[in-house]
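This report starts from one side-chain pair and works outward to the sheet around it. The model is predicted.

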Amino acid sequence: MACGSTSLWAGETSWFCCGNSWGPCGSAGGGACGNCQSSAHHGAWPNASAACFNITRPDLCGENIPRRGCGSVMNVRHQCSGATVCITITDCGPRTKDWCGEATCCNGACRTNRVLDLTPAAFSAIGNLSSGKLPVYIYE
């Protein structure tokens, strides 16, 4: 499936190292979908399933994030640099409710609430890992 150009969401992304998974697919052992690889362009979406949504609760931050399941393809664009990366959703997360109001800004424009986690490979394709968070636009 190709990366699209239809706007889906805007928010803040961070990166994660794959390890023990959490949430509704915890028994999979390598990310909610069981195939999380830090060197791949993968991501975690807070509404990958109803069980995932019940854990991440982006609605508590005012985010009505649409459901996109494991295997969904998204194009993530850094708000500041315009760099893009095509990812596949392979996990549940981030736990958005834990970061309500968190903001990342550039050029005077801010994105709030963490709505996407990327593998280190995907994150470093659009930004510096040491920044930890990036404001992004998400397309499908």
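The side chains of Arg114 and Glu102 are joined by a polar contact of 2.9 Å. Arg114 belongs to strand E7.

Is Arg114 buried or exposed? Its relative accessibility is 11%. The cut-off for buried is under 20%, so Arg114 counts as buried.

What does Arg114 touch, leaving aside residues up to four places away in sequence? Glu102 is on the list, and so are Pro94, Thr96 and Trp99. Arg114 also touches Glu12, Ser14 and Lys133.

Two of these names return in the strand pairing. Ser14 has Lys133 in E8 as its bridge partner. Arg114 touches both Ser14 and Lys133.

**Pairing of strand E1**

Strand E1 covers residues 7-15. Its pairings with E7 and E8 are set out here.

| Pair | Partner residues | Sense | Bridges | Bridge partners |
|---|---|---|---|---|
| E1 and E7 | residues 114-118 | parallel | four bridges | Thr13 and Leu116 |
| E1 and E8 | residues 133-139 | antiparallel | seven bridges | Ser14 and Lys133 |

E1 thus runs parallel to E7, whereas E1 and E8 pair in the antiparallel sense. The bridge to E7 at Thr13 goes to Leu116.

**The barrel**

Where do these strands sit in the wider sheet? They belong to a closed barrel of six strands, in the order E1-E7-E2-E4-E3-E8. Pairing in the barrel is mixed. Neighbouring strands of this sheet are turned by 45 degrees against each other on average, with direction ignored.

Back to the starting point: Arg114 lies in E7, a strand of this closed barrel, and its side chain makes the 2.9 Å polar contact with that of Glu102.

Key: Residues numbered from 1 in each chain as written. Predicted model: local features only at pLDDT ≥ 70, side-chain atom pairs only at ≥ 80, totals over all residues. Heavy atoms only, no water. Pairing = 2+ DSSP bridges. Helix = DSSP H or I, 4+ residues; strand = E, 2+ residues; numbered from the N terminus. Axes fitted to C-alpha atoms, helices over the stretch in contact; angles between N-to-C directions. Buried < 20%, exposed > 50% of the residue type's maximum accessible area, 1.4 Å probe, protein only. Polar contact = N/O pair within 3.5 Å; in protein donor to acceptor, adjacent residues only side chain to side chain. Contact = heavy atoms within 4.5 Å.
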